[in-house]
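Colleague: I am new to this model and would like a close look at a single part of it, the sheet and whatever is packed around it. Could you take me through that part slowly, and then place it within the rest of the chain?

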Amino acid sequence: MSQHFLLSAKARTLSVRKVMELTDEQAFQMFKEVRWGSGDEVSCPSCGSCRKHYFIRTRKQWRCKDCAHTFSVTSGTIFAFHKLSLRNYLAAIAIYTNAVKGLSALQMSRDLGVQYKTAFVLAHKIRESLIEHRDVSQLSGEIHMDSAYVNGTIREKNKKEDRVDRRLAVVQKPTKRCVFVLRQKNEYADEIIKGSNRTLTFIMKSENQADINKLANLFVKNGSKICADESSAYDILHAKFDTRRVNHGKEYRSDDGITNNLAESYFSRFRRMQYGQTHKFGNLYLANYANEAAYREDTRRLPNGEIFRDIMKKCAKTRTHHDWCGYWQGNKKKEERLVA
Ligand SMILES: [Zn+2]
């Protein structure tokens, strides 16, 4: 039997130890290279001019030759106004990369030796970058769909006679949300990646026909095959797509081989992240958590060094966010990302 990819040396091209051994200069060069490439030309975040700007060596900052704006390697990015050393940000990304079932802010705070509040914001800056730069081009081929509920169930009463059927709509909490996933099957099932190779997630208030129809029309190419379970929310898809169903009340795989297991395997990771790491998903950031699990699924067979660079790139491309500058001083997201 061939060796599992994750056990091979190819899967381990990065370690937190290696990152912590970087000098300040190396960490700086790494950030610069990921953001602007290896040349001497850098782009001014204020006016956009890209040339060899004047470099202030002692401050590790540039002064723009066109607009005289002074900027650093993190200016204009999600890590702008940073207080920790650059190495600590790299370490945070490395720890985040290696946490394949997600990472709680408390764990990150212990690993980095920073306050919980710092770690919370840091991890969310990474999640924000991941969702902002996710690939939302249309999925094609075979698409598996499913959804799962979070933040809805009430606590069970102590005495059996006081308990109610927690599935009833009247006893659901108003915070209940539905995580909807669409997963594309890898057409070229190779040695490395079996199953799905692209995942998109969305948050809805309930598993309903209108939202599902809208999302399928936006994100699934015409002529694709859709596999879903028996929920009536997917009935509407038959009109436009070649839709196959599996009745989970009876079986997980129908006699003609239909499953929606790619969607189920996404939720497997998602639930492990919920139960074992984060414990609670605030609705405000639920879309980001759901997308984090999707990202981890899609990159599950990449060497960790490659994932690390990809996350760094996405962070460098993400503009400074009002929601994440002064979060604990009151600046924060006002609305959750729901399918509108
Ligand atoms: Zn400029």
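Modeller: Strand β7, which covers residues 177-185, pairs with β8 in the antiparallel sense, and eight bridges join the two. One of the places to look is L182, whose bridge partner in β8 is L200. Please keep in mind throughout that this is a predicted model.

The two strands belong to an open sheet of five strands with mixed pairing, and the order across the sheet is β8-β7-β6-β9-β10. At its edges are β8 (196-204) and β10 (242-246), each of which pairs on one side only, and from one strand to the next the twist averages 25°.

Two helices can then be added to the picture. Helix α7, made of residues 261-278, lies across β6 (142-150), β7 and β8, and runs at about 35° to β6. Helix α8, made of residues 286-298, also lies across β6, β7 and β8, and its direction is at about 170° to β8.

Turning from the sheet to the nonpolar cores, the largest of them has 41 residues, and M108 and I311 are the ones with the most contacts inside it. Helices α2 (24-36), α3 (86-98), α4 (105-112), α5 (116-132) and α9 (304-317) each supply at least two residues of this core, while α3 gives the most, with nine residues. If residues up to four places away in sequence are not counted, I311 touches I93, Y96, T97, I126, L130 and Y295. Apart from this core lies another, of 24 residues, among them V121, V179, F281 and Y285. In soluble globular proteins, nonpolar side chains tend to be buried together.

The last feature to place is the zinc ion, whose protein donors are the SG atoms of C44, C47, C64 and C67, lying 2.3 Å from it. Along the chain these donors follow the spacing C-x2-C-x16-C-x2-C, and the site is tetrahedral, with angles of 105 to 112° among the four donor atoms. Two of the donors can be set side by side for their accessibility: C44 counts as buried because its relative accessibility is 2%, under the 20% limit, whereas C47, at 40%, counts as partly exposed because that value lies between the limits of 20% and 50%.

Note on methods:
Residues numbered from 1 in each chain as written. Predicted model: local features only at pLDDT ≥ 70, side-chain atom pairs only at ≥ 80, totals over all residues. Heavy atoms only, no water. Donors = N, O, S within 2.8 Å, 3.2 Å for Na, K, Ca; no water. Tetrahedral: all angles 85-135°; square planar, octahedral: opposite > 155°, others 65-115°. Buried < 20%, exposed > 50% of the residue type's maximum accessible area, 1.4 Å probe, protein only. Pairing = 2+ DSSP bridges. Helix = DSSP H or I, 4+ residues; strand = E, 2+ residues; numbered from the N terminus. Axes fitted to C-alpha atoms, helices over the stretch in contact; angles between N-to-C directions. Contact = heavy atoms within 4.5 Å. Core = buried A, V, L, I, M, F, W, Y, C linked by side-chain atoms within 4.5 Å.
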